[in-house]
Protein chains: 4
Amino acid sequence: MIIVAKDNPSAEKIAKALDPHDPIHPVFVHNNRVALAGIKSLEPQQMEPVADLVDSVITDHHSAIKSSRDFHPEDTIIKTPHSVIGGDNFVLMAGPDSIESPEHVLEMGEDVKAAGATILRGGAFKPRTSPYSYQGNGEVGLKAHRQAADKLGMDMVTEILDTRDVDLVDKYTDIFQVGTRNMQNFALLKALGQKRKPVLLKRGMSATIDDLLNAAEYIAAGGNDQIMLMERGIRTFDNKYTRNTFDVGAIPVLQKLTHYPIVADTSHAAGHSEFVAPLAYAAVAAGAQGLMTEIHNDPAHAFVDGAQALTPDQYSAMTAKIFKIREALK
Amino acid sequence: MIIVAKDNPSAEKIAKALDPHDPIHPVFVHNNRVALAGIKSLEPQQMEPVADLVDSVITDHHSAIKSSRDFHPEDTIIKTPHSVIGGDNFVLMAGPDSIESPEHVLEMGEDVKAAGATILRGGAFKPRTSPYSYQGNGEVGLKAHRQAADKLGMDMVTEILDTRDVDLVDKYTDIFQVGTRNMQNFALLKALGQKRKPVLLKRGMSATIDDLLNAAEYIAAGGNDQIMLMERGIRTFDNKYTRNTFDVGAIPVLQKLTHYPIVADTSHAAGHSEFVAPLAYAAVAAGAQGLMTEIHNDPAHAFVDGAQALTPDQYSAMTAKIFKIREALK
Amino acid sequence: MIIVAKDNPSAEKIAKALDPHDPIHPVFVHNNRVALAGIKSLEPQQMEPVADLVDSVITDHHSAIKSSRDFHPEDTIIKTPHSVIGGDNFVLMAGPDSIESPEHVLEMGEDVKAAGATILRGGAFKPRTSPYSYQGNGEVGLKAHRQAADKLGMDMVTEILDTRDVDLVDKYTDIFQVGTRNMQNFALLKALGQKRKPVLLKRGMSATIDDLLNAAEYIAAGGNDQIMLMERGIRTFDNKYTRNTFDVGAIPVLQKLTHYPIVADTSHAAGHSEFVAPLAYAAVAAGAQGLMTEIHNDPAHAFVDGAQALTPDQYSAMTAKIFKIREALK
Amino acid sequence: MIIVAKDNPSAEKIAKALDPHDPIHPVFVHNNRVALAGIKSLEPQQMEPVADLVDSVITDHHSAIKSSRDFHPEDTIIKTPHSVIGGDNFVLMAGPDSIESPEHVLEMGEDVKAAGATILRGGAFKPRTSPYSYQGNGEVGLKAHRQAADKLGMDMVTEILDTRDVDLVDKYTDIFQVGTRNMQNFALLKALGQKRKPVLLKRGMSATIDDLLNAAEYIAAGGNDQIMLMERGIRTFDNKYTRNTFDVGAIPVLQKLTHYPIVADTSHAAGHSEFVAPLAYAAVAAGAQGLMTEIHNDPAHAFVDGAQALTPDQYSAMTAKIFKIREALK
């Protein structure tokens, strides 16, 4: 349940009075709102001592209570060294699928920066369907990625696969990325909840909207409120022409339910470069607050997922159109 | 297989020479292309008599051969009395879900016309999940719909559910609509293939892209090439916040594969009025050549599907933004 | 709502008193139960005149009211000339996918009869994905099918695709089959609701349990209560190794909700002959009251769907095992 | 590719000659078969030195090469202290969802042992959708679980969620369980591949058959071949009456493709206790080599998932029927 207090000092007092000192059912305060996680209602006598401080009570909120607009009505704005994410801001993240070499990630970074991107993506740990596919180059890749980002004045985002790697990745990255296959790797989510660095949480390929919000809540429950949610396509009965079904409707739905920035990855949704841009236009038109795109200067020889990579030229043509659509929507 | 002839007279000669006079495997000609439906290859000796007339042969085309770009590379443009549909044109179809009264459909028509629509939608035969829900008012509704369209100088589109009603509906409508539940009602598709009036074919809620093209081919095989395809949301594992999952990627995919105009119905996809507009912006940004929208001046008392109806004011605000997005995409 | 009367004469009196003479909201009586279709509750003053006759009232029933166990608690038993279907009875339906010739259907009938089948299946009107695939041989096939069934002392079941064919098919068949693509062809369901001959209604490939029950209700609402429901596999994200996902859980779920016999078609679910038998064992173990199977003596040359056909030998080996499983479950 | 050698010594020689010393593309030997993982073909000159030792070559095998029947034709048989799993053997695993107390798990263990189970299940680390739900009691639970298993002479199976817990869980359990949400937690699979203890790998709720085999391959690639695969229901468009759709067809499909034992969990598939048994009968009839079931003596007060728990009496009634079905299938 959420108790709306008359003001913030009252909220703090209510929280203190009601705190059950229970690791599973913690109490959170945001401005004048007090969230009692996992608790549906209190007895009148429990409420009595704080009754004077209470303005109203909300009981029909989402189970992901910290993530809900009922607890945190205004948009979360995330600030990284080179980007502002959320609210009316718009952010472009782009780069190669995997870090292939220091030179390559730098070159790709130059290209995407020129096209408007402020966050450089790239994978050093790659979650591949088969154990016999390229698995990424680990810390070597993290270092090259960091150097390229620093040289270009960009932020770095990279995927983390293992709880044992949290501190290693933390040494390099600005933003942790949790991939679709780990969206319900609760041990990993809890570990990232202990950090105070932004997390980009991708929707699981068959995760419902509620599953996604509850996954975010695992991070938030630990105290890390710097969360972005990413729609990247879901698994349906038809994947012949696109790799996944891009659920564009998830964007406005999530923006209604939660205060976190909602961003889109249309590279993995499309799976084929020719459909990456139309899906990106759709995402932006539907209100996405950011866009992640995979690029490669030689897609045919990319280490991973070349079929869905845009060339730098295709990318800059796409971002030009995206800025126009953003303009049209104002 | 598709034989590309040197010119149209050659194509006609090839078709004549190869026509197997087989109702299941007909031969079609479009400009300099000859389609041998359902036939994968010919023996060299069968090809020999026409070899001089042949430029090239295509064998990896879609089984929906007449519907494929390989047979008909350029966009199909459909002309109705008040609309031009397909190619670079953009068309708005709107109106009430069901025809409630002559006055109501006329009033709704006035509103949507003012907002830019040229095609007035409305249902006289309603396909309802339960037999105890309102089933539409039949010919009474068709008449009222026709009168409103005539008075306003608009085209009429309405759904047909039964092969026995084809002539009745034909008396009134400008465009036949086939609904999602009848996309593979092959008897109905064949009957409409015998008409020479445009057909708006909605994608089945669990139809693949290939299923949709093959369904269109049932109409085309009968000789009716005036077909529009409509994405209206598919059935997936999550329908808690939207009624269906709007498969925005189907729009560019279909435009690559087929020459028919691709239009979108975001009312049925959304199921809730607040998400109809964001999905419409997405559809248009992804390249949709038209948009169908349900409106009602008093959604709470609509006979059918009021929850997803926009008010006339919401509709005109939406179309204004849509025109801006179209502008931005040029 | 369902009113449970003290006895059947009371139920008739209640029905008469409350009948709204409304074609959409009819009133049905079964033994001592009165169903008010599409009506959720009555005002106390409306109930008053019949209050003495009422035992209790059920309001949380399924919207498919006639199909629900709340209205009709005991199993429906369907009797055809050569079969008893439903309750503790078990029925085998088998035969070729399509009627290829009088000789062939007769030969296949002999084989399946020897293996225990009492209902001979076969298609004269075939719903094919492509218009250029074999569409069946129409009335010629119906006649051959009827003759084979008569000669063998079996019942005939065949698919109907078009409302215009209802009387034609009715001339020949013992049981109407409605296929998966027509499960929500409401015009066809209504037409069959006017007949007094059993209908075998296949679940749509993406129909929910509720959709299936509501589709059955379209037939029942017209007065035809002789309905069998068939699980035949649903469309999911994986159809690489089986054509559909056989939803074996639908069998006990439907048996809880409705009184109609629940039968299974594992040929279309499997799509490959090697998986037809294991799925059939599963269906029977889960409680299916009947089984439909496609057979062919020369699957490689079957007109339609040879890949999923069992040979007569495979079929009789399978039915022998099925009888043993039935025994084990007693 | 798989090279079939004339005998095992030849296979060892071939492996030695072709070993690329490449961690991503290792070479495996099983009897007279040599698997070159991730390699589609070799040049004739590469094969020449070992040509005399080669009987034949298989190139159309599954990418999960060690898991495929092409590499390992005969069934894998797993032996734990109290159970033999795989081949013609049949195993029952049962117990409470979570370890609630030492007394409770012991009592439940007594009941399921009496009904025929040899493996005692129970969760000490619980993957819950919400962070505010009970998360298990950790090592305290592991200890109680181990003690109960030892006292009863049963094997212990329990879920592992975090790579950091592998050694801890290893101290207690006989079989590691990987849950549906972690099926593609590749870091965890790799860590378990380093152990030499059986792993029970549950199918992801939207994992294809191929995804499941490739996930198993992550474990096998590390050298741990003691793997069981578990079907536990998939996510589809309908979960109103059952929690998941039990994909019974996956059982014979997997048995064709892989040599690992295939077991079923019908508790999570059903989600409601009344459907657990019919699904279990179906699983066994379709050929499942084992069955996992959740039980509780007081389902209404179970810490986790009480709705799907059978009581001990229901469980023993179910296993009695299962033994009869097994008999009938012989």
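This briefing covers chain symmetry, interfaces, aromatic contacts and a few buried elements.

The model is predicted, so local features need pLDDT of at least 70 and side-chain atom pairs pLDDT 80 or more, while totals for chains, interfaces and linings use all residues. Residues are numbered from 1 along each chain as its sequence is written, chains are lettered from A and ligands numbered from 1 in the order in which they are written, and side-chain values use heavy atoms, with hydrogens and water left out. Chain D superposes on chain A by a turn of 180 degrees. Chain D also superposes on chain C by a turn of 180 degrees.

**Symmetry**

- Laying chain D on chain A gives an RMSD of 0.0 Å, with a shift of 0.0 Å along the axis. The two copies are thus related as by a two-fold rotation axis.
- Superposition is by least squares on the C-alpha atoms of residues with pLDDT of at least 70 in both copies.
- Ser206(D) is the residue of chain D that comes closest to this rotation axis, with its C-alpha at 3.0 Å.
- The same surface serves both copies, as 100% of the contact residues of chain D recur in chain A. Contact means heavy atoms within 4.5 Å.
- Laying chain D on chain C also gives an RMSD of 0.0 Å, with a shift of 0.0 Å along the axis. Here Ala282(D) is the residue of chain D that comes closest to the rotation axis, at 1.9 Å (C-alpha).
- Chains D and C meet through the same surface, because 100% of the interface residues of chain D are also interface residues in chain C.

**Interface of chains D and C**

- The contact joins 39 residues of chain D to 39 residues of chain C.
- The two chains bury about 3000 Å² between them, with 71% of it on carbon and sulfur atoms. Buried area is the accessible area (1.4 Å probe) that two parts lose on being put together, summed over both.
- Phe237(D), Tyr241(D) and Ala328(D) lose the most area in chain D, together 19% of what that side buries.
- Six salt bridges cross this interface. A salt bridge needs a side-chain nitrogen of Lys or Arg within 4 Å of a carboxyl oxygen of Asp or Glu.
- One salt bridge joins Asp210(D) to Lys240(C), at 2.7 Å from N to O.

**Interface of chains D and A**

- Chain D and chain A each bring 40 residues to the contact.
- About 3100 Å² is buried between them, 53% of it on carbon and sulfur atoms.
- The salt-bridge count is two. Arg235(D) and Asp211(A) meet in a salt bridge at 2.7 Å, N to O.

**Aromatic rings**

- Rings of Phe, Tyr and Trp (its six-membered ring) pair if their centres lie within 6.5 Å; planes under 30 degrees apart are stacked, over 60 edge-to-face and the rest tilted.
- The count is twelve aromatic pairs over all chains.
- Phe28(A) and Tyr132(D) form a tilted pair, 6.2 Å centre to centre with 55 degrees between the planes. Phe28(A) lies in strand 2 of chain A and Tyr132(D) in the loop between strand 8 and helix 4 of chain D, so the pair joins two chains.
- Both Phe28(A) and Tyr132(D) are buried. Buried means under 20% relative accessible area, exposed over 50%, partly exposed in between (1.4 Å probe, protein chains only).
- Phe28(B) and Tyr132(C) have ring centres 6.2 Å apart and planes at 55 degrees, so this pair is tilted. The pair crosses from strand 2 of chain B to the loop between strand 8 and helix 4 of chain C. Both residues are buried.
- Lys66(C) lies over the face of Phe28(C), 4.4 Å from the ring centre. The rule asks for NZ of Lys or CZ of Arg within 6 Å of the ring centre and within 35 degrees of the ring normal.

**Buried elements**

- Helices (H or I, at least four residues) and strands (E, at least two) are DSSP runs, numbered from the N terminus.
- Ten of the ten residues of helix 10 of chain C (276-285) are buried, so this helix is largely enclosed by the rest of the structure. Just after helix 10, Gly287(C) has a positive phi of about 115 degrees.
- In helix 6 of chain C (186-193), seven of the eight residues are buried. Among them are Phe186(C), Leu188(C) and Leu192(C). The buried residues of helix 6 pack against helix 5, strand 10, strand 11 and helix 7 of chain C.
- Thr158(A) sits in strand 9 of chain A. Thr158(A) is buried, at 1% relative accessible area. Its contacts include Leu142(A), His145(A), Val169(A) and Phe176(A).

Methods:
Lists of a residue's contacts leave out its neighbours within four places in sequence.
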